[in-house]
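Work through the exercises below with the sequence and the model at hand. Each task is followed by its solution.

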Amino acid sequence: MDEKKVMLSGIQPSGDLHLGNYLGAIKNWVERTEEFDNYYFMADMHTITVRQTPADLRRRSLEQLALYIACGLDPEKNTLFIQSHVPQHAELGWVLQCYTMFGELSRMTQFKDKSAKHQDNINAGLFAYPSLMAADILLYQPDFIPVGEDQKQHCELTRDIAQRFNHVYGDVFKIPEPYIPKTGARVMSLNAPDSKMSKSIPEGCIFMMEKPEDIQRKFKRAITDSDTENCVRFDPANKPGVANLMSIYSAITGKSYAEIESEFAGCGYGKFKPAVGDAVVECLRPIREEATRILADKAYLESVYKTGAEKASYVATKTLRKVYKKIGFVAR
Ligand code: TYM
């Protein structure tokens with residue numbers, strides 16, 4: 001009997017994967033792969049809450065899968081799948097919308113941000129998105145949801161929805177916990193350290209498939225601070241740019257902030273910034289090379305996502321059946 005605990009997470013293929021996705025989420029998935037029974041997916045259904053170019057969405061979904069594998073997620077040990085290939089997500093998503101309150105959805109930070117950004121397209125899907133995310137999660141009865149800091153609110157809402165449902169129908173869903181890394185949980189933009197690193201500010205964002213020289217250029221131009229101290233010291237309130245670079249360096253090398261401060265004592269930012277750039281380049285190089293190799297093998301990728309969807313669907317169906325029975329739907 002497999003007694004392993006379950007981990008599950010997903011990323012939207014709405015943009016190319018970046019260092020925030022890697023340090024906030026994927027790195028944690030890879031590190032715990034042996035310990036858990038793992039489900040990781042491309043959240044393509046979530047991306048259409050914002051308009052997408054179809055060809056780009058398809059390309060990015062496959063590139064994301066190749067990157068998952070290249071980062072170290074062995075398809076034999078991890079169920080890797082595309083969300084839209086497992087229709088139970090949409091089915092449970094609808095059910096859970098009926099157990100999610102309007103007020104709760106109105107309070108979601110991601111909804112507020114995205115509706116401000118896309119004022120011409122504040123659609124019902126964008127609003128109800130967290131109910132679909134709750135379905136993504138609860139279908140697999142996971143113990144942990146490894147995500148970056150910005151997804152904590154959605155994970156908490158998932159717990160509330162699950163508890164509300166269980167309160168009415170008995171113990172249907174396991175109540176999962178977000179699992180957030182100690183460093184790298186909120187990687188900030190390199191050129192605007194008060195904003196989260198994201199594809200919407202490309203100059204401040206390091207993409208996982210980006211060329212080493214472009215990565216280095218972005219690190220050399222990274223904003224440090226406006227004082228004249230020129231000293232590598234961890235002080236997020238007064239030196240957010242330096243603190244961000246230190247947290248990236250720490251997440252990649254495993255060094256503590258004190259160790260980083262002494263490593264760069266007396267060096268100034270001129271040496272520190274390219275050193276962080278080098279660490280990132282060397283961390284991403286083998287991943288990029290392996291992803292490029294895997295991407296060329298379309299048949300392999302197809303076999304991975306098809307097997308993944310079958311395995312995921314098997315588990316998801318069990319949960320959905322239980323839910324349908326509890327709420328009173330006639331069995332098929
Ligand atoms: P998404 O696609 O925006 O981001 C994917 C993961 O990357 C993390 N992340 C970051 N971590 C640190 N610093 C950053 N700058 C940064 N930017 C992104 C996110 O926290 C996330 O872990 N709703 C989710 C996708 C999703 C999901 C799910 C996640 C759909 N269903 C079920 C978990 C479980 C989202 O939009 O993440």
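**Exercise 1.** Describe how helix 7 and helix 8 are placed relative to each other.

Solution. Helix 7 covers residues 124-138 and helix 8 covers residues 152-169; helices here are DSSP runs (H or I, at least four residues) and strands are runs of E (at least two), numbered from the N terminus. Their axes come within 9 Å and cross at roughly 75°. Axes are lines fitted to C-alpha atoms, for helices over the stretch in contact, with angles from 0 to 180 degrees between N-to-C directions. Helix 7 is therefore roughly perpendicular to helix 8 (65 to 115 degrees; under 35 is roughly parallel, over 145 roughly antiparallel, the rest oblique).

The model is predicted: local features need pLDDT of at least 70, side-chain atom pairs count only at pLDDT 80 or more, and totals for chains, interfaces and linings use all residues. Residues are numbered from 1 along each chain as its sequence is written, and side-chain values use heavy atoms, leaving out hydrogens and water.

**Exercise 2.** Which residues of helix 7 meet helix 8?

Solution. Y129, P130, M133, A134, I137 and L138 meet residues of helix 8, among them H154, C155 and L157 (heavy atoms within 4.5 Å).

**Exercise 3.** Place strand 2 among its neighbours.

Solution. Strand 1 (residues 5-11) runs parallel to strand 2 and is joined to it by seven bridges; pairing requires at least two DSSP bridges. V6 has D37 in strand 2 as its bridge partner. On strand 3 (residues 78-82), five bridges pair with strand 2, also in the parallel sense, and N38 stands opposite N78.
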